[in-house]
Amino acid sequence: MASKAVTIGDLIHRVASSCLSNRFPGNYAHHGSDLDDDDDDDPFADFGDAATHEECPRPAVRAGAEEGDDEARRLRIWEEGEEQKRRTKNAAAAEEEAEGAERAGDAESLMAEVFDAVSGVRRAYAALQGAHCPWDPDRMRAADAGVVAELRHLARLRDRFRRAAASPGGRIPRPSPSAPPLREAVAPYEAALDDLRRQLQGKQAEVDGLKEKLATATNRRNARLHPSKKHHHTLAAAPAAEVGAATAELFVACAEQARAATRAFAAHLLHLLRAAGLDPAAATRSVTKIPVSSPQLAKHALEAHATAVLLGGFEHESFYLDGSLSSLLDPAAFRRERYAQFRDMRGMDPGELLGVLPTCAFGRYAASKFASLLPPRVEEAVLGSDEHKKAVGAGAHPRTPFYGEFLRAAKAVWLLHLLAFALEPPPSHFEAGRGAEFHPEYMESVAEPAPRGAGMVVGFAVAPGFKLCNAAVVRARVYLVPRGGSRQ
């Protein structure tokens with residue numbers, strides 16, 4: 001074949017044969033063709049294969065498209081995540097800003113409440129000061145309860161701030177109107193209960209004082225029905241003798257009234273010591289310096305102390321309140337003036353008198369005696385504070401049951417002093433000393449029934465006695481103990 005010449009026809013024949021016997025490009029073949037599949041002699045075999053690869057690129061295109069879709073999907077997911085982060089960040093910033101604004105609002109609300117509470121405390125304290133002068137116990141109790149309520153409100157605000165500072169969020173809790181704190185709900189009832197307790201103590205003291213007065217009135221009534229006793233007879237005859245001038249009988253009657261008023265005051269003071277939760281014997285020992293071992297003895301010891309305080313300086317015409325010597329310059333005029341003062345003051349209420357003339361001679365006398373009546377610790381324990389002493393020292397006279405009872409005893413002693421210096425000559429007073437022998441004509445025992453026997457001596461003097469110009473004697477009151485024995 002190599003030696004054979006190749007013509008154009010042969011080439012055309014071979015091309016045509018090859019096209020008919022071999023597969024079409026792109027795998028397009030005639031089904032059922034029995035042509036030989038041998039393409040070793042096909043000159044276009046390589047061309048056909050190359051054409052096949054160029055005509056069928058579809059799997060690579062699909063892979064590229066899928067990669068593009070994955071990339072777009074990942075990009076879309078990333079964008080959605082970033083958008084979600086932005087939204088979360090914006091929401092957190094908005095929430096933090098709102099929380100900060102709310103905290104600022106809570107702080108402003110708390111400060112406004114604090115300023116209101118401070119203003120309330122100032123108003124309540126001003127009301128408390130206004131109740132001091134003139135002294136008004138009812139206004140004092142109401143103002144005191146008001147100050148306590150305002151201070152408790154301020155303390156609740158302080159606790160709210162401390163809880164807010166200790167909490168993680170720093171939020172100031174606002175009180176719920178529907179569920180107030182237990183302390184806030186109970187506070188008004190505690191104040192009302194304390195007020196009722198004080199009123200009860202005052203009423204009980206008034207009852208004790210009335211009992212003493214009733215006992216005194218009963219004794220005077222019995223004296224009128226049985227005039228055999230000498231000093232009771234003078235009590236009944238005293239009012240009749242009072243009309244003209246000062247008499248010894250009138251002085252004896254006034255001495256009994258002064259002793260009764262002092263006993264009533266001592267009983268009132270003993271009741272207050274018990275109400276304050278103090279041991280009566282121990283408290284009386286601190287007041288009187290008398291070794292007291294029983295409540296019954298405490299009553300007599302307190303009476304002795306009150307009598308000694310009120311009668312201190314009795315021998316001077318002004319209780320040594322000033323250096324006046326009017327009784328020496330014109331004795332007759334001085335006696336008439338004293339008796340006129342006695343008659344004018346006898347029917348007056350001491351509280352009303354001192355409300356009008358707080359710095360009169362009787363007011364100065366009452367103030368000086370009250371200042372030395374009780375030690376500061378005992379006064380604070382009994383009365384709750386030293387406001388009484390401060391008010392009296394400032395020239396005021398409190399209108400309280402305790403001070404009212406003291407004024408009644410002070411008035412009785414003041415009247416007795418006026419009457420003593422209206423007599424000519426003035427009565428002389430005497431006092432039984434501790435350990436002295438008991439003499440019934442000059443002494444009377446405060447114990448009921450009076451102890452009998454020859455071995456009784458004076459344990460301590462309760463009230464002094466008086467000897468008058470007509471030889472009449474007001475016997476001294478003493479507490480008797482067995483000789484060599486101890487007080488009961």
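1. Start with helix α7, which is mostly covered: 24 of its 28 residues are buried. Keep in mind that you are looking at a predicted model. The helix runs over residues 248-275, and its end C-alpha atoms sit 41 Å apart. With 1.5 Å a residue you would expect 40 Å, so the two values agree. After α7 comes Gly-277, with a positive phi near 80°.

2. Now compare α16, residues 401-420. This helix is mostly covered too, with 18 of its 20 residues buried. From first C-alpha to last, α16 reaches 29 Å, close to the 28 Å expected at 1.5 Å a residue.

3. Where do these two helices turn up together? Both α7 and α16 supply at least two residues each to the lining of the largest cavity. A search of the whole structure finds one cavity of 30 Å³ or more, and the volume of the largest cavity is about 110 Å³. α7 gives the most to its lining, namely four residues.

4. Take a look at what surrounds that space. The lining of the largest cavity includes Ala-255, Ala-258, Arg-259 and Thr-262, along with Thr-307, Leu-311, Val-413 and Leu-416. Ala-463, Pro-464 and Phe-466 are in the lining as well. Sorted by class, you get eight nonpolar residues, two polar and one charged.

5. Some of those names come back when you click on Ala-476. This residue belongs to strand β6, residues 476-482, and it counts as buried because its relative accessible area is 1%, under the 20% cut-off. Setting aside neighbours within four places in sequence, the contacts of Ala-476 include Arg-259, Ala-463 and Pro-464, and these three residues also help line the largest cavity. Phe-430, Tyr-442, Met-443, Glu-444 and Gly-465 are in contact with Ala-476 too. As for Ser-445, its C-alpha is 8.5 Å from that of Ala-476, with the two positions 31 residues apart in sequence numbering.

6. Next, the backbone oddities. Most residues other than glycine have a negative phi, and most peptide bonds are trans. Lys-289 has a positive phi of about 65° although it is not a glycine, and Phe-319 has one of about 55°, again without being a glycine. You'll find Lys-289 in the loop between α8 (280-288) and α9 (295-310), while Phe-319 is in the loop between α9 and α10 (326-329).

7. Are those two residues buried or exposed? Lys-289 counts as exposed, because its relative accessibility is 68% and the cut-off is over 50%. Phe-319, on the other hand, is buried, with a relative accessible area of 5%.

8. Which kind of peptide bond joins Glu-424 to Pro-425, cis or trans? The bond is cis, with omega near -5°. Pro-425 lies in the loop between α16 and β1 (428-430), so check that loop when you follow the chain out of the helix.

9. Finally, step back to the whole chain. How many helices and strands does the protein chain have? The count is 16 helices and six strands. Of its 488 residues, 34% count as buried. The chain exposes about 29600 Å², and carbon and sulfur atoms supply 57% of that area. Among contacts with a separation of 6 or more, 68% are between residues 24 or more positions apart.

Note on methods:
Residues numbered from 1 in each chain as written. Predicted model: local features only at pLDDT ≥ 70, side-chain atom pairs only at ≥ 80, totals over all residues. Heavy atoms only, no water. Buried < 20%, exposed > 50% of the residue type's maximum accessible area, 1.4 Å probe, protein only. Contact = heavy atoms within 4.5 Å. Areas by Shrake-Rupley, 256 points an atom, 1.4 Å probe, with all protein chains shown as cover. Expected span 1.5 Å × (residues − 1). 1 Å grid on protein atoms, 1.4 Å probe; cavity = no way out; pocket = protein on both sides within 12 Å on 5 of 7 lines; lining within 4 Å. Points joined across faces, edges and corners; volume = space filled by probe spheres on them. Nonpolar A, V, L, I, M, F, W, Y, C, P; charged D, E, K, R; others polar.
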